[in-house]
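Welcome! Let's walk through this structure together, one step at a time, starting inside a single chain and then moving out to the pair.

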2 protein chains.
Amino acid sequence: MRLTRYFLPVLKENPAEAQIVSHRLMLRSGMIKQQAAGIYSWLPMGFKVLKNIENIVHEEQIRAGHHPMLMPTIQPAELWQESGRYNDYGREMLRIEDRHGRDMLFGPTNEEMITDIFRSHVNSYKDLPLTLYHIQWKFRDEVRPRFGVMRGREFYMKDGYNFDLTEADALHAYNRHLVSYLRTYERMGLQAIPMKAEGGPVGGDHTHEFLVLAETGESEVFYDARIEDIRLGAREIDYGSVAQCRSILDEFTALYARTDDTHEDAIFVETPEEFRRKARGIEVGQIFYFGTKYSEPMGATVQDAEGNQVPVHMGSHGIGVSRLAGAIIEASHDENGIIWPFEVAPFKVGILNMKQGDAGTDGMCEQLYSELTKAGLEPLYDDREERAGAKFATMDLVGCPWRVTVGPRGLKNGVVELTNRKTGESEEIKPELLVSKLS
Amino acid sequence: MRLTRYFLPVLKENPAEAQIVSHRLMLRSGMIKQQAAGIYSWLPMGFKVLKNIENIVHEEQIRAGHHPMLMPTIQPAELWQESGRYNDYGREMLRIEDRHGRDMLFGPTNEEMITDIFRSHVNSYKDLPLTLYHIQWKFRDEVRPRFGVMRGREFYMKDGYNFDLTEADALHAYNRHLVSYLRTYERMGLQAIPMKAEGGPVGGDHTHEFLVLAETGESEVFYDARIEDIRLGAREIDYGSVAQCRSILDEFTALYARTDDTHEDAIFVETPEEFRRKARGIEVGQIFYFGTKYSEPMGATVQDAEGNQVPVHMGSHGIGVSRLAGAIIEASHDENGIIWPFEVAPFKVGILNMKQGDAGTDGMCEQLYSELTKAGLEPLYDDREERAGAKFATMDLVGCPWRVTVGPRGLKNGVVELTNRKTGESEEIKPELLVSKLS
């Protein structure tokens, strides 16, 4: 993208309303615009990031054998009356009356609707296991929305639901989700630590939250420092393997890691003192196993091999897609701006023309722009008539993983400068080697 | 996808509530489920179709130089009070009061919000031309929703907005949109004829609707039959070329083509009688130029080259993304089911195993499944223990463009049968030639 043709309304001033760094940087880099309290537009660069995050979530869910679908934002109240949650949910639920006076609501989550879909279409244990998910806008009418997209009212969430014949099968689904979530976060450059959690309004005996360590996190977390060394990495995963998924869950949950909701000092002290850590974390996902909590009241049963009608065992699993855009920035920035992990970056390389209007630098920038575009590296070319200083500041703010600086002096020696946004390290490189270096 | 592991709840009976063929076939093939009047879930196969349509729209908009972004579903009432449309919109607008008693609404369209974004960030003519668009769920509280996703209450729409300094520039944006829309529809296997339309609540002097001819169409249309022979085809488009976009608009709008809203017999009779056609059509998009209708009351101005503050010239442009799923089926089906155009098809090839459990056919089906998957042809493998007749019926209903039938008799001769869903033509083919034949 050429900056002169893009819509990237960067702000020079720090917006007064932003209390945390991700909110500040998302506003300053022209990613979002607030439309009402806790409700945001995603401007073109913010939208690209959101899509990149969404695509990673889709890819990893499909890899785990889960089926994407899409439920509507508006739901009829009846479903929630059936499960008994219509009154429980309180004022966070956005209630709506349609023109015919029917009670509707903007879905904050979808356990009821997916259970309704299941019971309408599935009758036999032979159709199990089944996991359906969607990524859809949700609404929770928070009394005090804040921190930008981190705690908005309208937010984008992946929520998935597994249906299984037995508790054992449903626990495999639980473990499978844990593994697929770990992989999802790692691809985004995040370490998200699974921590024992509480069920809350969803319910459930088994539940883990995934927390990204960050000073601005809303939760206090207590954990064994050795957990920071555990990574899924590039290991092969067979999502059909009960044993492998179980052993990864064991590996990632053996050490102490809890939020303040579930923290118990009496257990924490069993961790050697040198490894005990107290920090803050951002919740970016949660998985639940809740058995027959919804299937029983809503009559979601199947016929088992013996011909009995039995309620299915279910769980639900959520990733905060829009919130992740903020969480990634909280975990990856410096005083100059965002530092995008490669897979999430809206543009993988910035091209900075030191002397716009100079035939040599203009020509080289155009050539690199064309080559990098062809290689799928989505360059952002700052082709404005601006001082070099302003261009450097914008590039640092926007946070492309790589920057190529093209100046007349370098070109005389047949080189451009390649800089890594994260490490700050620069090297001179022959332009013809750039694409292979970055691919 | 293996059918035994998929969630494809096909219905054997014709659903009583469906009055038109696309609604019937979408329900029967397990694409959608109604959750409330005019509100649908998109089950996995329906979702794949919706995504394919959405991706084509994105690709063609980006090719035309337009920037994708995303505005929220919930909007504050204030913006609509500013433009004067809050009261005009009547009961089709879904009005909502949040927990703090603020008036909100579920957006039926986004002229106000995009104008607000523009005026907040753009001040100079140098930042023009600019076209922003998004694809987002909308809500119109239709008094009598019907015809499935064709006239739902919650629907998925691409809406784009251009901002230009002059009327001439804005008319180029109008023409550019017309061309990009023609290309979008053609890629979906549709012929959508641009017809002179009325502005309606959006307003505007220039507006065209795009209509797909179909017996079940809601609009009566009058046109010159020779228009059916005009195609954009594979011609190279330069969206920056004012002359080329204008000449394509002229080419596609020279012949008489109007809906009942704008039809004038006195002009229609100038078309030779042999070419005069009266038919029915489905509206799948509309483009508008409305000048300063929103920019003036909302203060969306830029400084021009002479230093004057001038209101920008705008237009808006919509494609009914969810509606298109229905429109494509209306235009492309037979008595046995859907006939998907290739690019929209959720699966490009169906694999039909005539004798599930036979080592020979099972082995060949697995091999073809693996090869076709690798080639990106997204096969749907019917691996159920079912009679061949039931499998043929399901495949015809689901409507993959190609079907490969694998039976013991053919395998003895070293061939499988390849059938074109549209023409019904079959040929015997060596399995090793299949991928290259379909790629």
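A good place to begin is chain A, whose domain assignment gives domain 1, covering 3-338, and domain 2, covering 349-438. Please keep in mind as you look around that this is a predicted model. The centres of domain 1 of chain A and domain 2 of chain A, taken over C-alpha atoms, are 38 Å apart. Where the two domains touch, 14 residues of domain 1 of chain A and 12 residues of domain 2 of chain A take part in the contact.

How is this meeting of domains built? About 1100 Å² is buried between domain 1 of chain A and domain 2 of chain A, and carbon and sulfur atoms give 59% of that area. On the domain 1 side, three residues are worth finding: A:Leu3, A:Thr4 and A:Ile338 supply 46% of the area that domain 1 of chain A buries against domain 2 of chain A, more than any other three residues. Charged side chains join in as well, with 2 salt bridges counted between domain 1 of chain A and domain 2 of chain A. You can look for a salt bridge between the side chains of A:Asp334 and A:Arg421, at 2.8 Å from N to O. Polar contacts across this interface of domain 1 of chain A and domain 2 of chain A come to 9 residue pairs, both residues being at pLDDT 80 or more.

Now let's step back and bring in the second chain. A turn of 180° with a shift of 0.0 Å along the axis lays chain A on chain B with an RMSD of 0.0 Å. That is how a two-fold axis relates its copies. Which residue of chain A comes closest to the rotation axis? It is A:Ile96, whose C-alpha lies 3.0 Å from the axis.

Next, the interface between the chains. Here 57 residues of chain A are in contact with 57 residues of chain B. Since 100% of the interface residues of chain A are also interface residues in chain B, the copies meet through the same surface. The size of an interface is often given as the accessible area lost when the parts come together. For chain A and chain B, the buried area is about 4700 Å², with 62% of it on carbon and sulfur atoms. A:Phe7, A:Leu70 and A:Arg99 supply 16% of what chain A buries against chain B, more than any other three residues.

The rule also finds 4 salt bridges across the interface of chain A and chain B. One to look up is that of A:Lys33 with B:Asp116, where the closest N and O atoms are 3.2 Å apart. Between chain A and chain B there are also 20 residue pairs in polar contact, counting pairs with both residues at pLDDT 80 or more.

Our last stop is the cysteines. How many disulfides are there over all chains? The count is 0. Take A:Cys365, which is in no disulfide: the nearest cysteine sulfur belongs to A:Cys400 and is 14 Å away, whereas a disulfide needs sulfur atoms within 2.5 Å. A:Cys365 counts as buried, because its relative accessibility is 0%. A:Cys400 is in no disulfide either, the nearest cysteine sulfur being that of A:Cys365 at 14 Å. A:Cys400 is buried too, with a relative accessible area of 3%.

Terms used: Residues are numbered from 1 along each chain as its sequence is written. Chains are lettered from A and ligands numbered from 1 in the order in which they are written. This is a predicted model: local features need pLDDT of at least 70, side-chain atom pairs count only at pLDDT 80 or more; totals for chains, interfaces and linings use all residues. Side-chain values use heavy atoms; hydrogens and water are left out. Copies are superposed by least squares on the C-alpha atoms of residues with pLDDT of at least 70 in both. Contact means heavy atoms within 4.5 Å. Buried means under 20% relative accessible area, exposed over 50%, partly exposed in between (1.4 Å probe, protein chains only). Domain bounds come from an automatic or database domain assignment. Buried area is the accessible area (1.4 Å probe) that two parts lose on being put together, summed over both. A polar contact is a pair of N or O atoms within 3.5 Å; within protein, one must be able to donate a hydrogen and the other to accept it, and residues adjacent in sequence count only if both atoms are side-chain atoms.
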